[in-house]
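Please open the structure in a viewer and keep the sequence at hand. The tour below proceeds by selection, and each stop states what is to be found there.

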Amino acid sequence: MASQLLPLELIDKCVGSRIHVIMKSDMEIVGTLLGFDDYVNMVLEDVTEFENTAEGRRITKLDQILLNGNNVTMLVPGGEGPEV
């Protein structure tokens, strides 16, 4: 039987690697996870933001961000973002 893996344990395994974060808004974020807390607030570096707007997809590059865990819908370990 497989051992149980809790959500925070899975996120802990992702520290130091790339992660794809899907937000509640029309935004997806890809970056390297530096750390997180019990609320799943996350610090990411080497970040690319993909935002769907009326004009099309806007892509923004950022060095480092703090993400509020309340706005996160899904985390994809190793994900490199939405299909272009």
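Is Glu 51 buried, partly exposed or exposed? Select Glu 51 to begin: with a relative accessible area of 24%, the residue is partly exposed. The model on display is a predicted one, and the tour returns to this residue after a view of the whole chain.

**The whole chain**

Display the protein chain as a cartoon and follow the trace from the N terminus. The chain has 1 helix and 5 strands, and the elements run in the order α-β-β-β-β-β. The radius of gyration is 13 Å, close to the 12 Å that the globule rule gives for 84 residues, so the chain is as compact as a globular protein of that length. Aligned along the principal axes, the C-alpha atoms fill a box of roughly 50 × 25 × 20 Å.

Now switch to a surface representation. The protein chain exposes about 5600 Å², and carbon and sulfur atoms supply 52% of that area. Of the 84 residues, 33% count as buried. A contact map of the chain would add the following: among contacts between residues at least 6 apart in sequence, 45% join residues at least 24 apart.

Colour the charged side chains next. The chain carries 6 positive and 14 negative charges; their mean positions are 3 Å apart.

**First stop: the salt bridges of Arg 18**

A search of the whole structure finds 3 salt bridges. Select Arg 18 and Asp 46, and show their side chains. The two residues form a salt bridge, with the closest N and O atoms 3.5 Å apart. Asp 46 lies in strand β3 (residues 42-53) and Arg 18 in strand β1 (residues 18-23), so the pair ties together parts that are 28 residues apart in sequence.

Keep Arg 18 selected and add Glu 80. Here, too, a salt bridge is formed, and the closest N and O atoms are 3.4 Å apart. Arg 18 belongs to strand β1 and Glu 80 to the segment after β5 (72-77), so this pair ties together parts that are 62 residues apart in sequence. As for solvent exposure, Arg 18 is partly exposed, with a relative accessible area of 21%, whereas Glu 80 is exposed at 51%.

Before leaving Asp 46, inspect its backbone. Asp 46 has a positive phi of about 55° although it is not a glycine.

**Second stop: Arg 58 and Glu 51**

Return to Glu 51 and add Arg 58 to the selection. Their side chains meet in a salt bridge, at 2.7 Å from N to O. Arg 58 is partly exposed, with a relative accessible area of 44%, and Glu 51 is partly exposed at 24%. With the bridges now in view, select Arg 18, Asp 46 and Glu 80 together: salt bridges that share partners join these three residues into one network.

**Third stop: Ile 65 and Leu 66 in strand β4**

Which residues are in contact with Ile 65, leaving aside its neighbours within four places in sequence? Select Ile 65, which is found in strand β4, and display its surroundings. The contacts are Ile 29, Met 42, Val 43, Leu 44 and Val 47. Ile 65 and Val 43 are 22 residues apart in sequence, with their C-alpha atoms 5.7 Å apart in space. Ile 65 has 15% relative accessibility and therefore counts as buried, the cut-off being under 20%.

Move one selection along to Leu 66, found in strand β4 (residues 56-67). At 64% relative accessibility, Leu 66 counts as exposed. With neighbours within four places in sequence left aside, Leu 66 is in contact with Asn 41, Met 42 and Val 43. Measure from Leu 66 to Gly 35 as well: the C-alpha atoms of these residues, 31 residues apart along the chain, are separated by 9.6 Å.

**Last stop: the loop at Val 40**

Where is Val 40 placed? Select Val 40 in the loop between β2 (27-36) and β3. Its phi is near 60°, a positive value in a residue other than glycine. At 18% relative accessibility, Val 40 counts as buried.

Conventions
Residues are numbered from 1 along each chain as its sequence is written. This is a predicted model: local features need pLDDT of at least 70, side-chain atom pairs count only at pLDDT 80 or more; totals for chains, interfaces and linings use all residues. Side-chain values use heavy atoms; hydrogens and water are left out. Helices (H or I, at least four residues) and strands (E, at least two) are DSSP runs, numbered from the N terminus. The radius of gyration is taken over C-alpha atoms; the globule rule is 2.2 Å times the number of residues to the power 0.38. Buried means under 20% relative accessible area, exposed over 50%, partly exposed in between (1.4 Å probe, protein chains only). Contact means heavy atoms within 4.5 Å. Accessible areas come from the Shrake-Rupley method with a 1.4 Å probe; for residues, only the protein chains shown count as cover. Lys and Arg count as positive and Asp and Glu as negative; His and the chain ends are not counted. The place of a charge is taken as NZ of Lys, CZ of Arg, CG of Asp or CD of Glu. A salt bridge is a side-chain nitrogen of Lys or Arg within 4 Å of a carboxyl oxygen of Asp or Glu.
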